[in-house]
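Q: Please show me how to read a small sheet from a model, strand by strand.

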Amino acid sequence: MDINSAEIIRILEDWNLWKRDIETGYLRDFYVNKLKKMLDSGQVLVITGPRRSGKTYIMRQLASILVKNGVSRNRILFINFEDPRLPELDARILQKIYEAYLEYLSPEDKPFLFLDEIQEVKNWEKWVLSIHELKKAYVILSGSNAKLLSRELATLLTGRHLDINVFPLSFKEFLKFRGIELKDRMELINNELKIKSFLREYMEFGGFPEVVLRENKKELVLNYFKDIVEKDLVRRYNVRKVEEMKSLLRFYISNVSSLVTFSSMEKFLRIRKDTVEKFSGYFENVFLIFFLKRFSFKVKEQEKSPRKVYAVDPALPNVIGFRFSENIGRIAENVVFLELLRKKFQNPDMEIFYWKDEKHREVDFVVKKGQAVESLIQVCWNLAHPKTKEREIKSLIKAGEELRCNNLIVINAELKREEEINGKKIKFMPLWEWIGVNSK
């Protein structure tokens, strides 16, 4: 389908600030402030993250702030490549859109180019490289596929781009959407009852921004899941064994916080091991599933060991996988993982693992900074049973001795105190407080 410049401008007017303000939603200032600082680098800015995590709104927020800070509205071009009115998407339509924008808007200075869901455009990389190299525009682009973007960018834009990962709302952001802004620890303590109540909602329905703000939460989560499967997996990767892929994905989502191997999936689901591995890679690329490796000083041992599986949002296991009330402990662990993952993306020196020894003693999270293990975290929702508590603590102490770490934490539902056991100090922290302190 051919399209002329006037038609292009009519489509673009719906997305741009040229004649009016656009909806920007709740400000996610952590991401916007980081992007503002990154703009000064002159590099291509790349925003990645799962579909519906808020990338588009964060780009809109940045564009609106630029205008408030004195940038002319005509210098901003925002293109949403999921708009069905745009014709077949390739480098030619990119150039045509850009030329129409220059013709009709005549920006008086170097424009800011926001390219939303760029992976929808075939052969976009060379066009972006050309615009960047010729210093024709500041380029900010977003995408929902980590590997496709990294592969394409690594080929042409090595050293010329900066990345930022956007996830569904952290718990701190969730509270802000709900009217509670935690500026210090005192506000956390003063709002304990409200925070506990909101944490339960967060654990059940997650942090996808629209889900948080709407009533039909389960329906929205199901629609998101369907969108990710159809658009980001089946269509993007031309998957032929769709039912096999879906059964593997449902298994992972129904078994968050569990140990898995590709070999066990082959036996249990009767799907070939190489297919399991391939599909698992797809799930990670679209930010749907994450795998956590076992801590070991030997790389081979890390790679051979089972991995723990987690979902990008706690709503997915609850809506797709199992009953919330029966699996709250596994959801709590998934929530802790997501907070640690956000920190990892913000701190390049940080690594996360789980720990397990030959006697099958296990610790949920090993947090490593540089060469040193910074903390060991055990998530145990219910500590009421003495044997459960004893087992969790024994594993924690053993790991602490082996990894020379004294920062030992047990995250649970209610207990808050410090105990000295076998000469080691163990900090017991309720999840609502730990996540309130650690959430970004």
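The dialogue below treats strand order, pairing and burial.

A: This is a predicted model, in which local features need pLDDT of at least 70, side-chain atom pairs count only at pLDDT 80 or more, and totals for chains, interfaces and linings use all residues. Residues are numbered from 1 along each chain as its sequence is written, and side-chain values use heavy atoms, with hydrogens and water left out.

Q: What is the order of the three strands in the open sheet?

A: Strands of a sheet pair through backbone hydrogen bonds, either parallel or antiparallel. Strands are DSSP runs (E, at least two residues), numbered from the N terminus, and two of them pair if DSSP finds at least two bridges between them. Here the order is 6-8-7, with antiparallel pairing. Strand 6 (259-260) and strand 7 (289-292) are the edge strands, each pairing on one side only.

Q: Which residues stand opposite each other where strand 6 meets strand 8?

A: Two bridges join strand 6 to strand 8 (residues 307-311). Valine 260 stands opposite arginine 307, and leucine 259 has lysine 308 as its bridge partner. On the other pairing, four bridges join strand 7 to strand 8; lysine 308 is the bridge partner of leucine 292.

Q: Is strand 8 buried or exposed?

A: In a regular strand the side chains alternate between the two faces of the sheet. Buried means under 20% relative accessible area (1.4 Å probe, protein chains only). Five of the five residues of strand 8 are buried, so strand 8 is largely enclosed by the rest of the structure. Arg307, Val309 and Ala311 lie on one side, Lys308 and Tyr310 on the other.

How values were computed: Buried < 20%, exposed > 50% of the residue type's maximum accessible area, 1.4 Å probe, protein only.
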